[in-house]
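Visitor: I am new to this structure. Please walk me through it, and tell me how each label is earned.

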Amino acid sequence: MGSNKALLPHPDNPRLTFVEHLVSMLTPLCAETILVVHDAASAANYALPGVLTVTDKAPDQGPLMGLYSGLSAIHMQRALVIAVDMPFILPALVTFLLSQPRSDSLLVPLVNNIPQVLLALYPRTILPLIEQLLQQGRHDPRSLLEVAPVQYIPEDHLRALDPDLRSFININTPQDLV
């Protein structure tokens, strides 16, 4: 996209950036809110009240390292992971996901039969599995689906909360904002 998507103005409220919008929604719903960034230089862009900003434990290892770094930093047993470029997430969907029974399985929504790994619940117990994948040179959170226990949330359950599934829209190009 050519710019830091976290700092783009939110389409529904241009006074807030993507990350500010997510934080304002998540902090009342979550016991802790953590923002994972690539490095200390990136961290300098964020001063968000009530948010712990952590950097990747190793540079240039992709989103799986970001997941590892975030899960390593939490105090809770599991984390709701949301990509910063998903600005239309509905609070009702977040509440639904957080209300699911605790488990050592990943809790992953399915949209069009595609696992939505960037809007999912991850237990801390998978940290050793992530370490193994990183040592194998894997960088994609989807690789966890091959080695970790997973519970999928069917699309009809998601549509009951978000009929148009807007929560799962990823902004990757300027055209996606229109």
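Visitor: What makes K5 and D85 a salt bridge?

Guide: This is a predicted model. In it, the side chains of K5 and D85 meet at 2.8 Å, N to O. The cut-off is within 4 Å, so the pair counts as a salt bridge. The two partners come from distant parts of the chain, 80 residues apart. K5 lies in the segment before β1, and D85 in the loop between β5 and α4.

Visitor: Why is D85 called buried?

Guide: Its relative accessible area is 8%. Buried means under 20%, so D85 qualifies.

Visitor: How many salt bridges does a search of the whole structure find?

Guide: It finds 3. One of them joins E146 and R138, at 3.3 Å from N to O. Another joins E155 and R159, at 3.0 Å from N to O.

Visitor: Why is E146 called exposed, and R138 partly exposed?

Guide: Set each value against the limits. E146 has a relative accessible area of 57%. Exposed means over 50%, so E146 is exposed. R138 has 30%. That value lies between 20% and 50%, so R138 is partly exposed.

Visitor: What separates E155 and R159 in helix α6?

Guide: They are 4 residues apart in α6, so about one helical turn separates them. R159 has a relative accessible area of 36%. This falls between the two limits, so R159 is partly exposed.

Visitor: How do you know that the charged end of R166 sits over the ring of F88?

Guide: That charged end is 4.0 Å from the centre of the ring. The distance limit is within 6 Å, and the pair also counts as a charge over a ring. As for aromatic pairs, a search of the whole structure finds 0.

Visitor: D56 is buried. How do you know that it has no salt bridge?

Guide: The nearest side chain of opposite charge is K57, 9.8 Å away. A salt bridge needs a distance within 4 Å, so K57 does not make one with D56. D56 is in the loop between β4 and α3. Leaving out residues up to four places away in sequence, D56 touches V36, V37, H38, M65, G66 and S69.

Visitor: What makes α3 largely enclosed?

Guide: 9 of its 11 residues are buried, so α3 is largely enclosed by the rest of the structure. Among the buried ones are L64, M65, G66 and S69. The cover over the buried residues of α3 includes β3, β4, β5, β8 and α5.

Visitor: Why is strand β8 called mostly covered?

Guide: In β8, which spans residues 119–123, 5 of 5 residues are buried. L119, L121 and P123 point one way, while A120 and Y122 point the other way. In a regular strand the side chains alternate between the two faces of the sheet.

Visitor: How do you know that β5 and β8 pair?

Guide: They share 5 bridges, in the antiparallel sense. At least two bridges are needed, so the two strands pair. Within this pairing, L80 stands opposite L121 in β8.

Visitor: Why is T17 called buried?

Guide: T17 has a relative accessible area of 16%. The limit is under 20%, so T17 is buried. T17 belongs to strand β2. Apart from residues up to four places away in sequence, T17 touches A6, L7, L8, P9 and H10.

Note on methods:
Residues numbered from 1 in each chain as written. Predicted model: local features only at pLDDT ≥ 70, side-chain atom pairs only at ≥ 80, totals over all residues. Heavy atoms only, no water. Buried < 20%, exposed > 50% of the residue type's maximum accessible area, 1.4 Å probe, protein only. Lys, Arg positive; Asp, Glu negative; His and termini not counted. Contact = heavy atoms within 4.5 Å. Phe/Tyr/Trp six-rings, centres within 6.5 Å; stacked < 30°, edge-to-face > 60°. Lys NZ or Arg CZ within 6 Å of the ring centre and 35° of its normal.
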